[in-house]
Amino acid sequence: MKGNNKAAIKSNIATSDFSQKASRHDLNHDDSIPLNSFFKDTFEDETKLLEIEGKVCSYGDTVHYAKNPKFFTKSLGSYLYDSKEKPYLDLQMWHSVANLGYANKRVNDAVKDQIDKLPQVPSQFLHYEKVKLAQAIAESVEGRFGLKGRVHFNVGGAQAIEDALKLVRRNTGKQHMFAFEGGYHGRTIGASAITSSYRYREPFGEFADRADFIPYPYSFRCPIGSTDENACEDYYVNFFERKFEHEYAGVWNPKTNKCEFGAFFLEPVQGTGGYIVPPKNYFKRIEKICREHGILIVVDEIHMGFYRTGKLWSIEHFGIKPDIIVFGKALTNGLNPLSGFWAREELITPEIFGPGSTHSTYSSNSIGTAAGLEVMKIFSEKDYSKIVLEKGDYFLKLLKRLQLKYPEIGHVGGLGLALRVELCELDGFTPNRKLAEDIFRFGLDDQIKIDGKEVGLILALGGYYKNVLTLAPSLEITYKEMDLAHDILDILITKAKTKPI
Ligand SMILES: Cc1ncc(COP(=O)(O)O)c(C=O)c1O
């Protein structure tokens, strides 16, 4: 028995040795075959690719808001192109990221140069483009608002919002913030807490530091039933003012004059909320209340910054001084993720916000800073304020022409090249989400022909009722392209009215 046992053990060892070797060999062997064929795949069959996507990609991003997500294979100027070379005129430019047009040669070349020169540098060291870009941003703020400050970089918009939240907490010791109904600041945990939509928070448990959401001045839907700008401004300012009338409004202690809230996070023109422009003096009056109660003002320029509204910083239209400005998106024209914030010197001295206060490995990456520096250079060379305001004026006139033709267009408006078309029922007021969605889908999927050539239209939907076309065309859009946009919209609205999906 014993002898047999020994023999069995020996043979087991031999077998397992052999099987280990064999399995190692098999592993290499098995890996190489599928990998080779995997990388030989030409990716031309979009139906097959979509099938794979359905199995291997998370549905947690925004792709599957669409029933039939689209593939694009080329981007240039104001257009995206599909694999059949069909052009789609883009009126949203990646939600105001590619402000200088897709494949902008100047920004692309800056990135190519950087790839040849300093493609990577660990973020614990310095490089020229980081320092110069911070200087360009700091000087842009000093020149416009007369304020000295510093810049801190990160990678995405929401991360920069998180950093701004940390800076507010560091300076005020407070974790509660004011923000706006309809405001959007991103989808990380901290940014979700100050983003009004409960839809983004509901599946993810308790948000103890959820902001107090103040109604944003939306004159078209002002609850007093008037669209008079002054009356609406008064209504909305009073709403915030009332919070400080007595202690029972729940935000302020009159005995200590202390407020429970550290900062007011605001978008000067609401982005995702539907490109709503506030009445002229609204923010000045809000600023006064904030200053009286020690509440910092954090301006989120992630969507509307970089000349989208005809000013480098959209808050310039409203005559107030920010404590913190958060930026992202268009800074690199979409080439490499880079975001950040600027803060007033008193809030961000090295003593207050010392080394390691916040950090991300890719922050101030050299390719992003090279792209950002070129973008700032381009903005300094031409009068983008004039260009954008003139183009915005022209585009708005075309939209008003459509409004005259279609009673379903309840409101058109905007600032610079951040424009809105609000779709309603025939009464011109009741929100009509279905009509907006049909126009959106026809733009992507229908066979629209202009002068015998097929062309698509890329739109974005926003607003509290998702019934607003939020238009953010390239700042380099031509007048001919704006005319084309008008003509396509005209066809799409007629079609959506008469042949809804
Ligand atoms: C105003 C505003 N803030 C913050 C964000 C979040 O930026 P990101 O998507 O880069 O995280 C967005 C994105 O759309 C935005 O529009």
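## Exercises on a predicted protein–ligand model

The shell around the ligand is made up of 4 nonpolar, 9 polar and 2 charged residues, and the model in which these residues are placed is a predicted one.

**Exercise 1. Describe the surroundings of the ligand, stating how many residues surround the ligand and which helix gives the most to the shell.**

Solution. Begin with the count: the ligand is surrounded by 15 residues, of which the closest are Gly-157, Ala-158, Gly-186, Ile-302 and His-303. Next, turn to the helices, where H6, spanning residues 157–172, gives the most to the shell, with 3 residues. Finally, sort the shell by class, which yields 9 polar residues beside 4 nonpolar and 2 charged ones.

**Exercise 2. Determine how helix H13 and helix H14 are placed relative to each other, and which residues make the contact.**

Solution. Two packed helices are described by the angle between their axes and by the distance between those axes. For H13 (residues 433–445) and H14 (residues 479–498), the axes come within 9 Å and cross at roughly 125 degrees. Because of that angle, H13 is oblique to H14, the class that covers angles which are neither under 35, nor over 145, nor 65 to 115 degrees. The crossing in which H13 passes H14 is right-handed. On the side of H13, the contact is made by Leu-435, Asp-438, Ile-439, Phe-442 and Gly-443, while H14 brings Leu-492, Ile-493, Lys-495 and Ala-496. Sorted by class, the contact between H13 and H14 has 6 nonpolar residues, 1 polar residue and 2 charged residues.

**Exercise 3. Decide whether Val-468 is buried or exposed, and describe where Val-468 is found.**

Solution. First locate the residue: Val-468 is found in strand E19, which covers residues 468–471. Then count its surroundings, for there are 26 other C-beta atoms within 10 Å of Val-468. Burial calls for 20 or more such atoms, so Val-468 is buried. Apart from neighbours within four places in sequence, the residues in contact with Val-468 are Gly-274, Tyr-275, Arg-420, Val-421, Glu-422, Ala-436, Leu-461, Gly-462 and Gly-463. Ala-208, which stands 260 residues away along the chain, has its C-alpha atom 32 Å from that of Val-468.

**Exercise 4. Give an overall account of the protein, stating how many helices and strands there are and what share of the residues count as buried.**

Solution. The protein holds 14 helices and 19 strands. Of its 501 residues, 42% count as buried. Along the principal axes, the C-alpha atoms fill a box of roughly 100 × 65 × 50 Å. Among contacts with a separation of 6 or more, 73% are between residues 24 or more positions apart.

Key
Residues are numbered from 1 along each chain as its sequence is written. This is a predicted model: local features need pLDDT of at least 70, side-chain atom pairs count only at pLDDT 80 or more; totals for chains, interfaces and linings use all residues. A residue is near a molecule or strand if its C-beta atom, placed from the backbone, lies within 6 Å of it. Helices (H or I, at least four residues) and strands (E, at least two) are DSSP runs, numbered from the N terminus. Ala, Val, Leu, Ile, Met, Phe, Trp, Tyr, Cys and Pro count as nonpolar, Asp, Glu, Lys and Arg as charged, and the others, Gly among them, as polar. Axes are lines fitted to C-alpha atoms, for helices over the stretch in contact, and angles run from 0 to 180 degrees between N-to-C directions. A crossing is left-handed if the near helix is turned anticlockwise from the far one by less than a right angle, and right-handed if clockwise. Two residues are in contact if their C-beta atoms, placed from the backbone, lie within 7 Å. A residue is buried if 20 or more other C-beta atoms lie within 10 Å of its own, exposed if 12 or fewer, and partly exposed in between; C-beta atoms are placed from the backbone.
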